[in-house]
Amino acid sequence: MNSKNNIQNLFISMLEKVSNGKMNILDFGGDMVFYRGEIHMIKRIGDQEGIYSSELAELMGVTRAVVHKTINKLEKRGLIYRIVDKEDKKRKKMYLTDKGKKAYQFHEEYHRENDAEFIKFISSLNSDEEKLIEEFLKQAKNIVDKHF
């Protein structure tokens, strides 16, 4: 098999694994058990405290309804809270509770441990290599957007 076919097959294999693994659960112990979508919403809120649900939906590539349903669950579990925006009373800003910040930290540590090899690889790239990979990922995202 030539290199171009190998790249394409690796990419397709990765897409299949990701699309079929949506229901994977991350268990950090105790009541810190999350579906991947839940923990990634926690991450986004932790990264951008005060974010609106519409912004979260756009960043995550899901509908507002999906965000609303998940946010309600996370709020009931005591992981996030919402505050009415003083400038626009119809909108609410989202923040992590102390429990949410703990989940955020567990998730960060999970990635530090499991993604160290990838992070080391990315850090070793020169500028031209970074641009090439960035362009590849843009093209890959376009394919995903068309197919999913």
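**Exercise 1. A charge and a ring**

Task: In this predicted model, find which residue lies over the face of Y52, and give its distance from the ring centre.

Solution: Start at the ring of Y52 and look along its face. The residue there is R91, at 3.5 Å from the ring centre. For a charge to sit over a ring, CZ of Arg has to be within 6 Å of the ring centre and within 35 degrees of the ring normal.

**Exercise 2. Classifying aromatic pairs**

Task: The structure holds 4 aromatic pairs. Classify the pair F28 and F106 from its ring geometry, then do likewise for Y81 and Y95.

Solution:

Step 1. A pair of aromatic rings is described by the distance of the centres and the angle of the planes. Planes under 30 degrees apart count as stacked.

Step 2. For F28 and F106, the ring centres are 5.6 Å apart and the planes make an angle of 25°, so this pair is stacked. The two residues are 78 positions apart in the chain: F28 sits in the loop between β1 (25–27) and β2 (33–35), while F106 belongs to helix α5. With a relative accessible area of 31%, F106 is partly exposed.

Step 3. For Y81 and Y95, the figures are 5.5 Å centre to centre and 20° between the planes, and the pair is again stacked. This pair also links distant parts of the chain, with Y81 in strand β3 (residues 80–84) and Y95 in strand β4, 14 residues apart.

Step 4. Now add accessibility, for which buried means under 20%. Y81 has 35% and counts as partly exposed, whereas Y95 has 19% and counts as buried.

Step 5. Finally, look around F28 and F106 once more. Together with F34 and Y110 they form one aromatic cluster.

**Exercise 3. Mapping the core**

Task: How many residues does the largest nonpolar core have, and which have the most contacts inside it? Which element supplies the largest share?

Solution:

Step 1. The core has 20 residues, and F34, I42, I45, L56, I71 and I80 have the most contacts inside it.

Step 2. Assign the core to elements. At least two residues come from each of α2 (36–47), α3 (53–60), α4 (64–76), β4 (92–96) and α5 (98–114). The largest share is that of α2, with 4 residues.

Step 3. Take I45 as a sample. Beyond its neighbours within four places in sequence, I45 is in contact with I51, L56, I71, I80, M94, Y95 and L96.

**Exercise 4. Checking a helix**

Task: Compare the expected and modelled spans of helix α7, then find what caps its N-terminal end.

Solution:

Step 1. Helix α7 covers residues 127–147, which is 21 residues; at 1.5 Å a residue these should span 30 Å. The expected span takes one less than the number of residues.

Step 2. The end C-alpha atoms are 30 Å apart, in agreement with the expected span.

Step 3. The cap is N126, with a side-chain oxygen 3.0 Å from the backbone nitrogen of D128.

Step 4. L125 lies in the loop between α6 (116–123) and α7. At 11% relative accessibility, L125 counts as buried. Outside its neighbours within four places in sequence, L125 is in contact with E130 and I133.

**Exercise 5. Two threonines**

Task: Is T70 buried or exposed? Where is T63 placed?

Solution:

Step 1. T70 lies in helix α4. Its relative accessibility is 13%, so T70 counts as buried. Leaving aside neighbours within four places in sequence, T70 is in contact with E38 and M41.

Step 2. T63 is in the loop between α3 and α4. At 47% relative accessible area, T63 is partly exposed. A polar atom of the T63 side chain lies 3.2 Å from the backbone nitrogen of V66.

**Exercise 6. The whole chain**

Task: What pattern do the helices and strands follow along the sequence?

Solution: Count the elements, which gives 7 helices and 4 strands. Read in order, they follow α-β-β-α-α-α-β-β-α-α-α. Along its principal axes the C-alpha trace spans about 55 × 35 × 30 Å. Of the 148 residues, 23% count as buried. Among contacts with a separation of 6 or more, 49% come from residues 24 or more positions apart.

Note on methods: Residues are numbered from 1 along each chain as its sequence is written. This is a predicted model: local features need pLDDT of at least 70, side-chain atom pairs count only at pLDDT 80 or more; totals for chains, interfaces and linings use all residues. Side-chain values use heavy atoms; hydrogens and water are left out. A nonpolar core is a set of buried Ala, Val, Leu, Ile, Met, Phe, Trp, Tyr and Cys residues joined through side-chain atoms within 4.5 Å. Buried means under 20% relative accessible area, exposed over 50%, partly exposed in between (1.4 Å probe, protein chains only). Contact means heavy atoms within 4.5 Å. A polar contact is a pair of N or O atoms within 3.5 Å; within protein, one must be able to donate a hydrogen and the other to accept it, and residues adjacent in sequence count only if both atoms are side-chain atoms. Rings of Phe, Tyr and Trp (its six-membered ring) pair if their centres lie within 6.5 Å; planes under 30 degrees apart count as stacked, over 60 as edge-to-face and the rest as tilted.
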